[in-house]
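These are my notebook entries on one protein, written in the order in which I looked things up. I begin with the overall make-up and then turn to smaller details.

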Amino acid sequence: MELSICIPVFNFDVSDLVHDLNKEIKDNNIDAEIILIDDASDYSFIQVNKLLQDKVQRLVFLDKNIGRSKIRNLFLKYSHGKYLLFLDCDVKIDNKNFLYNYMSVIRKEPDIGLIYGNFKISDQEKTSLRNRYSLEREIFTGNRAANFSVFKTVNFVIRKDIFEKFPFNEELTQYGYEDFIFAKLLEQNRVTFLVINNPVIHFDCTSNEVFLQKTEISIDSLLMLSKSPQNREFIKEIKVYRAAAVLKQLRLASVFLFFYNIFEKRIKRNLTSGNPNIRFFDLYKLALLIGKINSSDK
């Protein structure tokens, strides 16, 4: 088996995604399997996705939600491919040669350990805070690169033998930074990496309010990572962590929070509006982190 397509599912109907993948597998004669693991979705989504039982090679339903890192590692138990393609459940394939493009790179460059394919944002969702952040800060705009800093877990291929050696950090049970720590671990161990433009369309309809809540959870994850010496070496490259460290070193953290609190209502009003400013979002994250660092130091 060349390729195992691994899709962690949570509260999303993946019928269209599975249909499109199966069509290309058949049309391009690709040696691939599709594996779905549902991370304790709501009943309605479980019932919808149960109908895919005969369309995939493995369909697993978990009784308890285990989180973004652990569920990806779980695919090692069920997959048979030499390479694993991980796709988020809320994506759409809009290229009839999507799988073929990956397989072409693998066959030409078999020593590549990790290939990141990038993603796009659906046109109707580009103005939300979550997606505006992706457009300005996350989406790779070149043709090819070998820079681990652009890696995201939405759409990537990894050799199974490498993934067995370097799985996701299961200490990260909540939202945030699991992709960054995973990429830094692979970079540290000199795994060969390639970014290509073979994107999926990402449909993230998270409201601005919910994304701010998830951002706070991600800052909690970042603070937890900072307690570990090994992870501290990784996260010192994260801009918000570096900015907080500099302000703390200069003894300006309290001054920053003083001025942030003056403008906090205005900043939050903008971030929940129809035209959120990403620089305000940077300030919001920095204030969250400094506040949590101060609380943990007491």
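**Entry 1: the make-up of the chain**

I looked up the secondary structure and found 12 helices and 11 strands in the protein, where helices (H or I, at least four residues) and strands (E, at least two) are DSSP runs, numbered from the N terminus. I note that this is a predicted model, in which local features need pLDDT of at least 70 and side-chain atom pairs count only at pLDDT 80 or more, while totals for chains, interfaces and linings use all residues. Residues are numbered from 1 along each chain as its sequence is written, and side-chain values use heavy atoms, with hydrogens and water left out.

**Entry 2: overall dimensions**

I looked up the radius of gyration, which is taken over C-alpha atoms, the globule rule being 2.2 Å times the number of residues to the power 0.38. The protein has 20 Å, which agrees with a compact globule, because one with 298 residues would have a radius of gyration near 19 Å. Along the principal axes, the C-alpha trace spans about 60 × 40 × 40 Å.

Of the 298 residues, 52% count as buried, that is, under 20% relative accessible area, with exposed meaning over 50% and partly exposed in between (1.4 Å probe, protein chains only). I also looked up contacts (heavy atoms within 4.5 Å): among those between residues at least 6 apart in sequence, 80% join residues at least 24 apart.

**Entry 3: the sheet**

In which order do the strands of the open sheet of eight strands lie? I read the order as β3-β2-β1-β4-β9-β6-β10-β8, with mixed pairing, where two strands pair if DSSP finds at least two bridges between them. The edge strands are β3 (58-61) and β8 (144-145), each of which pairs on one side only.

I then followed one pair within the sheet: β6 (residues 114-116) and β9 (residues 155-159) run antiparallel and are joined by three bridges. In this pair, Ile115 of the one strand stands opposite Val157 in β9.

**Entry 4: two loop residues with positive phi**

I looked up Asn118, which is found in the loop between β6 and β7 (119-121), and its phi is near 80°, a positive value in a residue other than glycine. Is Asn118 buried or exposed? Asn118 counts as buried, because its relative accessibility is 1%.

Tyr177 lies in the loop between α6 (160-165) and α7 (178-188), and its phi, near 75°, is likewise a positive value in a residue other than glycine. I noted that Tyr177 has a relative accessible area of 16% and is therefore buried.
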